[in-house]
Amino acid sequence: MNWHQKDIQVTLGDLGSSSDGLSFDEAARRLEEYGRNELKEKQQRTLFMMVLDQFRDFMILVLLAAAVISGVIGEVTDTIAIIVIVVLNAIIGFVQEFRAEKAMKALKKMAAPTAIVMRDGMPLNIPGAEIVPGDLIILEAGNIVPADIRLIEAVQLRVEESALTGESVPVEKHTDTIHDETLPVGDRKNMVFYGTAVSYGRGSGIVVATGMDTELGKIATMIQDAKEIKTPLQKRLATFGRRLAIIILVICAIVFGFGLFRGEPALLMLLTAVSLAVAAIPEALPAVVTISLAIGAKKLTSQNSLIKKLPAVETLGSVTYICSDKTGTLTMNKMTVEEVFLDGGLLTADISFSGEVPGAEADPTGHLFFMSLALNNDARKTSDDGYVGDPTEIALYTFAESGGFHKQELEVEFPRDAELPFDSERKCMTTIHKLNETARVTGVTAGYKYISFTKGAIDVLLDLSDNMLTSEGFSQLEKEEIQKINSRMAADGLRVLCMAMKLWDELPDELSPETVEKGLTILGLAGMMDPPREEAIEAIKLCNTAGIKTVMITGYHPLTARTIARRLGILTDADDSTSIITGRELSELSLEEFEERVEHIRVYARVAPEQKLKIIRALQDKGHFAAMTGDGVNDAPALKSADIGVAMGITGTDVAKEASHMILLDDNFATIVKAVKEGRRIFDNIRKFIKYTMTSNAGEIWTIFLAPFLGLPIPLLPIHILWINLVTDGLPGLALTAEPAEKDIMNRPPRNPGESIFAHGLGIDIIWIGLLMGFASIFIQAWSIRTGHAHWQTMVFTVLCLSQMGNVLALRSEKVSFFRQGMFTNKPLLGAVLLTFALQMATIYVPFLNPVFKTEPLTFSELMFTLAVSSVVFFAVEARKMLMPRQYG
């Protein structure tokens with residue numbers, strides 16, 4: 001029900017209440033009927049179910065099967081390694097899910113512990129949970145609002161609603177009926193809402209909703225209903241795991257069947273097939289993925305990004321849209337004077353105004369204008385050179401300081417004698433100051449005892465003014481001309497305030513707006529905005545190059561939004577009016593209608609935070625991966641539903657942080673772009689590992705699969721297969737996670753969300769490189785047997801192992817040669833390759849290992865020939881990069 005549209009008496013009647021509140025008996029009955037005023041959590045999964053869910057992934061089930069098979073054939077080391085990997089993944093997944101459940105607990109902390117209600121005409125302090133619809137609540141500064149309330153009294157009442165609505169300054173409240181039905185929560189100024197805080201004044205009102213029926217309760221429902229989105233990598237790996245298992249089973253069955261057909265011993269063929277199955281499964285893949293993400297998360301922390309859910313690191317690399325708040329992330333989050341209208345001309349604020357205001361007598365207009373900015377101001381400077389006060393007043397304060405007008409010094413010379421505080425009806429404020437004889441004054445002020453400065457909306461002050469001050473003295477007030485200047489400044493997205501003054505011989509007996517704020521003299525206009533961050537402008541250019549669309553979401557006016565978007569580079573001259581949409585227009589569109597337009601919209605103005613969820617769903621329905629920033633409670637559902645929810649570390653609420661996947665420690669848009677780059681690097685390296693491990697496994701499969709067809713004996717024993725699997729998949733594969741980013745990583749479009757993990761030639765590489773490894777191994781087997789070398793099996797074993805080392809060095813980049821990259825740009829990988837080489841040589845030349853690995857020492861010429869054949873794969877992959885460089889890897 002839209003209570004803001006109802007008259008106070010109608011509201012009281014509908015809720016069966018009165019100015020004395022409810023009776024004790026009626027309150028007790030309603031508590032029974034409506035329940036306690038609390039946010040209720042849905043049935044949560046038990047800890048046991050959360051643990052069990054970690055083992056339902058298909059790839060994990062395949063690994064568990066491999067662990068069992070390894071144990072059965074006596075390879076206990078493999079069994080232990082696989083189980084350790086699976087358990088570590090389960091622990092990480094469980095911790096992430098357990099932390100995700102905290103959002104509701106953070107939301108509950110916002111509830112008021114107690115509240116003052118009227119029962120039978122008497123004020124009573126009761127627990128907030130016992131409030132019921134119809135209760136009359138007394139509100140004072142410092143109170144947490146205990147429910148959704150329709151105000152019946154508001155005395156200079158201001159409420160801090162930033163957590164709920166995103167409004168950065170306290171909202172002035174009133175009791176008038178508002179007739180607009182489609183108003184967002186933040187514009188319902190005759191109501192206050194559960195969980196917000198009274199910052200100033202006092203008031204009272206009737207409770208219209210409690211618990212889950214409040215605006216905060218609706219958000220709680222959305223948070224609990226929002227489903228966690230699977231990351232692109234999770235989706236791709238699940239598909240990869242299923243396909244891989246089927247392929248491996250088919251190949252192993254063929255190898256086993258063909259071996260039996262050739263008359264090989266059944267036990268040997270069974271062990272070979274099982275060993276091949278274990279070797280073909282990339283059991284290090286979960287570990288590589290986890291380690292890659294963990295290293296990436298640690299690196300991002302040093303770049304002011306705190307990753308709460310590890311898979312989010314990789315998701316960043318898939319992002320196609322970044323939907324960002326204007327305030328703080330794209331802008332400085334600091335109001336700044338950008339332009340002033342003074343002495344009949346417009347001046348930009350990026351010049352030193354101390355030079356523009358040489359002295360009181362030479363420039364009375366500028367002198368008095370800057371005095372008004374400093375003195376008609378309640379902001380103050382702190383001991384650490386910071387500022388406290390309203391953001392608009394801080395902007396005027398610092399601008400006056402830049403012109404050499406320091407408030408502390410001026411207040412000594414021109415002490416404040418009286419004031420008329422700002423209120424939302426008058427839209428202005430006035431301060432009155434003594435003009436002491438010793439004070440520095442202009443010729444204009446000579447002979448007067450007092451001066452008043454009035455600051456407010458231009459339309460109000462024009463009606464209260466008789467003239468304006470210029471360098472030529474008091475001049476005729478050109479209202480139309482000033483309105484044109486105001487419109488021009490507003491069209492540039494500036495928030496414009498007018499400064500005026502009045503000189504007094506004596507103050508009136510009664511200081512009131514009617515007696516003080518009339519017959520004013522206009523001094524000038526100050527235009528302010530929250531300017532774009534320089535680093536955000538560069539970051540958006542980088543996003544454009546990387547094929548990522550940046551969308552700005554703001555609660556500001558469309559004109560302001562358009563100006564900032566143009567300055568940031570989000571909007572270009574080619575963009576038309578359809579690139580901007582307001583919250584009101586958005587609310588009138590169905591989800592289907594909105595989806596038709598969503599890819600063309602770059603700016604959302606006057607948007608309520610809850611509409612972010614609609615934006616996210618529309619983008620996801622169109623197949624995009626969307627990042628969404630937010631800081632308020634009302635942002636939490638969208639943050640949780642986004643592919644990557646980004647909460648603000650400085651201004652963000654606990655609820656937003658708990659619902660997000662990542663926290664910006666510096667609230668800076670450029671930090672998101674750095675994280676996107678890291679996400680792309682991580683996914684590239686995971687793909688490189690998959691290519692490496694699958695080409696290696698394919699080489700082993702082709703070697704064993706093709707040899708019998710060519711009339712050759714089984715080239716490898718089960719111990720050889722398992723050893724190669726152990727030393728080549730392990731350290732070299734893990735070392736790929738340290739590979740630096742490709743130089744063009746941010747000059748290519750995001751990955752297509754629907755594409756396979758084998759896209760961009762990865763699948764083809766697995767086939768041809770695997771075949772090349774297999775043929776190299778079979779070649780040396782056939783050559784050795786034909787030329788009478790008794791050590792042929794050791795030579796095949798060594799070629800297959802070292803070919804994989806050449807492969808891992810060559811595939812570090814899709815198109816840059818290993819020699820151009822440099823040998824030492826990935827030292828962990830170089831170390832892993834050298835260690836693997838040393839271990840392989842140990843299996844050949846350490847005497848007590850020969851019977852274990854069924855090897856024999858090679859002669860010098862055999863070793864040299866083996867090394868030469870092993871290098872074929874390295875040079876073939878390097879040649880492919882030179883002849884057919886990939887545009888995207």
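**Figure 1. A salt bridge at R488, shown with its partner E339.** At 35% relative accessibility, R488 counts as partly exposed. Its partner here is E339, and the two side chains meet in a salt bridge with an N to O distance of 3.1 Å. E339 belongs to strand β10 (residues 336-342) and R488 to helix α19 (residues 479-491), so this pair ties together parts that are 149 residues apart in sequence. E339 is buried, at 9% relative accessibility. As with every view here, please keep in mind that the model is predicted.

**Figure 2. E678 and K299 join two helices.** The closest N and O atoms of this salt bridge between E678 and K299 are 3.4 Å apart. Because E678 lies in helix α28 (residues 669-706) and K299 in helix α11 (residues 285-301), the pair ties together parts that are 379 residues apart in sequence. E678 is buried, with a relative accessible area of 5%, while K299 is partly exposed at 37%. For context, the structure holds 37 salt bridges.

**Figure 3. A salt-bridge network with members E26, R29, R30 and E33.** These four residues are linked to one another through salt bridges. In one of the pairs, the side chains of R29 and E26 meet at 2.8 Å, N to O. Why are R29 and E26 separated by about one helical turn? They are three residues apart in helix α2, which accounts for that spacing. Both ends of the pair are partly exposed: R29 has a relative accessibility of 44%, and E26 has 21%.

**Figure 4. F24 contributes to a nonpolar surface patch.** Helix α2 (residues 24-34) also contains F24. Together with M122 and L124, F24 makes a nonpolar patch of about 260 Å² on the surface. F24 itself counts as partly exposed, at 37% relative accessibility. Zooming out to the whole protein, about 36,800 Å² is exposed, and carbon and sulfur atoms supply 59% of that area.

**Figure 5. N37 and its surroundings in a loop.** N37 sits in the loop between α2 and α3 (47-53). Is N37 buried or exposed? With 3% relative accessibility, N37 counts as buried. Leaving aside neighbours within four places in sequence, the residues in contact with N37 are G128, A129, I131, P146, A147, Y194, T210 and G211. A polar atom of the N37 side chain lies 3.0 Å from the backbone oxygen of G128. P133 is worth locating too: its C-alpha atom is 9.4 Å from that of N37, although the two residues are 96 apart along the chain.

**Figure 6. E739, a buried glutamate in a loop.** E739 is found between α30 (731-735) and α31 (762-786), in the loop that joins them. Its relative accessible area is 2%, so E739 is buried. Not counting residues up to four places away in sequence, E739 touches R681, N685, K688, R812, Q821, N826 and L829.

**Figure 7. Two cysteines, C428 and C498, and the wider fold.** C428 is buried, with a relative accessible area of 1%, and C498 is buried at 0%. How many disulfides does a search of the whole structure find? The search finds zero. As for the overall setting, the protein has 37 helices and 26 strands. Buried residues make up 55% of its 889 residues. Among contacts between residues at least 6 apart in sequence, 73% join residues at least 24 apart.

Conventions: Residues numbered from 1 in each chain as written. Predicted model: local features only at pLDDT ≥ 70, side-chain atom pairs only at ≥ 80, totals over all residues. Heavy atoms only, no water. Patch = residues over 30% accessible without salt bridge, like charges linked within 9 Å, V, L, I, M, F, W, Y side chains within 5 Å. Areas by Shrake-Rupley, 256 points an atom, 1.4 Å probe, with all protein chains shown as cover. Helix = DSSP H or I, 4+ residues; strand = E, 2+ residues; numbered from the N terminus. Buried < 20%, exposed > 50% of the residue type's maximum accessible area, 1.4 Å probe, protein only. Contact = heavy atoms within 4.5 Å. Polar contact = N/O pair within 3.5 Å; in protein donor to acceptor, adjacent residues only side chain to side chain. Disulfide = S-S within 2.5 Å.
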